2 protein chains.
Amino acid sequence: MGEAELVRTGGQPLWRQLQQRLLVRIRAGEFDGAFPGELALADEYSVSRQTVRQALRELRADGTLIAERGRQPRVAAAAEIQQPLGALYSLFAAVEEAGLDQHSVVRRLDIRADAVVAERLSLEGSTPLLYLERVRLAGNDPLAVDRVWLPADLARPLLDADFQHTSLYGELHRRTGVRLDHGEEQIRAVVPTRAERALLGCGETVGAFSIGRLGTSAGKRIEWRHTLVRGDRFALTAEFSGRTGYRLVTTGALAGTR
Amino acid sequence: MGEAELVRTGGQPLWRQLQQRLLVRIRAGEFDGAFPGELALADEYSVSRQTVRQALRELRADGTLIAERGRQPRVAAAAEIQQPLGALYSLFAAVEEAGLDQHSVVRRLDIRADAVVAERLSLEGSTPLLYLERVRLAGNDPLAVDRVWLPADLARPLLDADFQHTSLYGELHRRTGVRLDHGEEQIRAVVPTRAERALLGCGETVGAFSIGRLGTSAGKRIEWRHTLVRGDRFALTAEFSGRTGYRLVTTGALAGTR
DNA sequence: TCCTCGGTAATGTACGTACATTTAATCTAA
DNA sequence: TTAGATTAAATGTACGTACATTACCGAGGA
């Protein structure tokens, strides 16, 4: 609970101390059932309701908490804040939008160790990883080569899944309850090697996006992914302004095979 | 001024009515000199200071207003809302961060007409455009080829500017008062042509980003830009989460010449 | 069984007060 | 003239109160 008293002299305002304490408790899952009301918190921490409201203000604004009149306030489930995430989402949404059939050819699905990838996931070099390698097709033509590594102790239930038509993230969530909530990616422009060109079925004059992605769930590194996307069939489209920042857009991002 | 009294019975809370009135006055430019303090507003509209604070809260959060302790609050000039914008900003910030000298070789700076570009800017095909073509260097090595078209009636004052060391946007703002506030860009992965490779000084196995950008100011299309960036020296790095959305990051995005 | 009517609990709104902290301008004295 | 002290003005923090509004649930009646 809120053992140590809030300090009223310290450099930090009461409401921010309270906010931080609450964040800790939220992340610990203490409030997964029900979040206490403003009055209850004011009582527990011996501060005024206004101070509690100030503490909750940002948490509500950023979606961590959901509170409505008359209702029991609650901690937002990760699912409720889920949004389209990342350049790859943008890619597959574009395929969807273009009305193209979307399926994959699974080239590898096994358990293996890879020291380089393990390190990226903050794991021991010998840790077994589930490895999935697919060629992704839009319509009948190859669009991307996609390779994913997940910790095997988490992802083993995926070993017998059929990834020709199902999405990795959907299957991961269905079978393990885990969902990506954060990630970083690095996008490069490259010239595919001959082997890659063969897989993608494209000529020498076609560039490609090389996208590396580190996905995390609840602060834990869950996924390393590398995707090579044909540059002649896909463009990243973005929109930005001072107010809204940078936002990926899906419209018109996909081209037919030339 | 705030003639009509706020209605205390209506469906809308006092603070929202106040917020809307203030927005109207802000947009009319009434507060361009100085924005009144909370107490002054409370007095003028006969509401409590808390109500005024609630009304101002969102305006401050979204950057419309700037208020700090002790200071005269003010309406944010368009410039102050300016944020790092777009993949190109990300590129040049990365150069800056790497401590590399940044300059350009100006290959063209003239007035010309281009029907294709004019159409993108929603202009007549024969409308004269200012055209600037530069090779941008980081350190001593070419990093990108940058071509910009601006409507000549706006950008003519830039004709005698020296773009070896000054930025287009800075110069545009200084000489015309116009500043980009919104834009769309499309990013492709391509293989540079032989001519482009010569300009960029890179080999056959190097890919490139092809970035097209349409920049607007106050809803008017101001700029069409095309930039070709060496893929071996630059990567787009992004971070995303359900909370924050998609955000470009500059750290570590730039590599030295291999 | 269903439905209405309260009661309860939660947030929303709005008022009030007091004092702390920061900044900028002004005044004063060396 | 300049450095320092004072003052005014602004927001920040924190407390208090009261009542309105909404959602849920349970009890009692038709």
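How can chain B be laid on chain A, by what turn and with what shift along the axis? I put this to the model, which is a predicted one.

**Entry 1, the two copies.** I found that a turn of 178° with a shift of 0.8 Å along the axis lays chain B on chain A, at an RMSD of 2.5 Å. That is the relation of a two-fold axis. I then looked up the contact residues: 100% of those of chain B recur in chain A, so the same surface serves both copies.

**Entry 2, chain A overall.** I recorded 8 helices and 10 strands in chain A. Of its 258 residues, 34% are buried. Among contacts in chain A with a separation of 6 or more, 57% come from residues 24 or more positions apart.

**Entry 3, the sheet.** I traced an open sheet of 8 strands in the order S3(A)-S4(A)-S5(A)-S8(A)-S7(A)-S6(A)-S9(B)-S10(B), with antiparallel pairing. Its edge strands are S3 (102-113) of chain A and S10 (245-249) of chain B, each of which pairs on one side only. From one strand to the next the twist averages 20°. I examined one pair within it: S4 (residues 128-138) and S5 (residues 141-151) of chain A run antiparallel and are joined by 10 bridges. Across this pair, Leu132(A) stands opposite Val148(A) in S5(A).

**Entry 4, helix H4.** I checked H4 (residues 86-97) of chain A, whose 12 residues reach 17 Å from the first C-alpha to the last, close to the 16 Å expected at 1.5 Å a residue. I noted its buried residues as Gly86(A), Ala87(A), Leu88(A), Ser90(A), Leu91(A), Ala94(A) and Val95(A). Gly99(A) follows H4(A) and has a positive phi, near 75°.

Notes:
Residues numbered from 1 in each chain as written. Chains lettered and ligands numbered in written order. Predicted model: local features only at pLDDT ≥ 70, side-chain atom pairs only at ≥ 80, totals over all residues. Least-squares fit on C-alpha atoms with pLDDT ≥ 70 in both. Contact = placed C-beta atoms within 7 Å. Buried ≥ 20, exposed ≤ 12 C-beta atoms within 10 Å, placed from the backbone. Expected span 1.5 Å × (residues − 1). Pairing = 2+ DSSP bridges. Axes fitted to C-alpha atoms, helices over the stretch in contact; angles between N-to-C directions.
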